[in-house]
Amino acid sequence: MSEAETLLYLDGVTVTFDGFRALNALSLVLNAGEMRAVIGPNGAGKTTMMDVITGKTRPDRGKVVFSAATDLTRLDEPSIAALGIGRKFQKPTVFEPLSVWDNLLLALAGDRGPRFSLFARQTSQEKARIEAILQTTRLTDQRHRRAADLSHGQKQWLEIGMLLAQEPRLLLVDEPVAGMTDAETEQTAALLREINKTRSVVVVEHDMAFVRALDVKVTVLHEGSVLSEGSIDHVSKDPKVIEVYLGR
Ligand code: ADP
Ligand code: MG
């Protein structure tokens, strides 16, 4: 194999809030098909990095290039989502009164498809896609339950499922296992690894057991720049990383 294809890169991205540099000339390269874990202390700029990629925050300087040619810093949030970048926020935004199935059915339509209500007849294609998403997200047995009655972890998985319904090429996930049980955390790592078979993923997380279970390249952010990068074993032995984590 020759050099891997780049899906996304950030080049010298700086974001300033009232004179404070949340991102400081941040550069990062994500290969097509890669899953990357991003860790770093509170305030390191992890969420701001997601905000820049999705168009929520416009950088003062720098480029964010997706799929070889598109400079995301010139686009608004809906246009970036339409390019195939899906983002999961920390707080689930599922429709609580609806069943798991109906949540996924609505998500399939997004804001473009012909499905405008739950009362239109479901096509066999829609059913097959929902079945596949239920399986990936470990929710097959929960399909008839109201989203409101799911556990915290299951709600997070449903939200991931709703993003999958939109077939993103790149999935951004911010602190997915916060508040989950150990068993749910383990299953979330397996779920993301499965998703990564067909999509690229960037996952921000504090939970080191989870990051270890992902078994992917790790980027450590500190004060808005990359402090260290490599396998989890490599970065956890890096004196710079040890100082940042233990020094506070
Ligand atoms: P992380 O997700 O790594 O914990 P954030 O990206 O949320 O860090 O924040 C990085 C820094 O930028 C923090 O010091 C935070 O207070 C600041 N920050 C983030 N968003 C804003 C904002 N909208 N206005 C002002 N400061 C912000
Ligand atoms: Mg954050």
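Domain bounds here come from an automatic or database domain assignment. I keep in mind throughout that the model is predicted.

**Entry: domains.** I looked up how the chain is divided. Domain 1 consists of residues 1–84 together with 168–248, and domain 2 covers 94–167. I then took the centres of the two domains over C-alpha atoms and found domain 1 and domain 2 separated by 26 Å.

**Entry: the interface.** I asked how many residues of each domain are in contact. I noted 15 from domain 1 and 14 from domain 2. For the area buried between the two domains I wrote down about 1,300 Å², with carbon and sulfur atoms giving 63% of that area. On the side of domain 1, I found that Pro 168, Glu 184 and Leu 191 supply 34% of what domain 1 buries against domain 2, more than any other three residues.

**Entry: polar and charged pairs.** I went through the pairs that cross from domain 1 to domain 2. The rule finds two salt bridges across this interface. I also looked at the salt bridge between the side chains of Glu 194 and Arg 138, where N to O is 3.3 Å. For polar contacts between the domains I recorded five residue pairs, both residues at pLDDT 80 or more. Next I asked which element gives the largest share of the side of domain 1 that touches domain 2. Helix α6, residues 182–195, contributes seven residues there. By type, I sorted this side of domain 1 into eight nonpolar, three polar and four charged residues.

**Entry: ligand 1.** I listed the residues around ligand 1. Among them are Phe 17, Phe 20, Ala 22, Pro 41 and Asn 42, and the list also includes Gly 43, Lys 46 and Thr 48. I then checked polar atoms against oxygen atoms of the ligand. For Ala 44, a backbone N or O atom lies 3.2 Å from an oxygen atom of ligand 1. For Gly 45, I read 3.0 Å between a polar backbone atom and an oxygen atom of ligand 1. With Thr 47 the side chain takes part, an N or O atom there being 2.9 Å from an oxygen atom of ligand 1.

Notes. Residues numbered from 1 in each chain as written. Chains lettered and ligands numbered in written order. Predicted model: local features only at pLDDT ≥ 70, side-chain atom pairs only at ≥ 80, totals over all residues. Heavy atoms only, no water. Contact = heavy atoms within 4.5 Å. Buried area = accessible area lost by both parts, 1.4 Å probe. Salt bridge = Lys/Arg side-chain N within 4 Å of Asp/Glu carboxyl O. Polar contact = N/O pair within 3.5 Å; in protein donor to acceptor, adjacent residues only side chain to side chain. Helix = DSSP H or I, 4+ residues; strand = E, 2+ residues; numbered from the N terminus. Nonpolar A, V, L, I, M, F, W, Y, C, P; charged D, E, K, R; others polar. Near = heavy atom within 4 Å.
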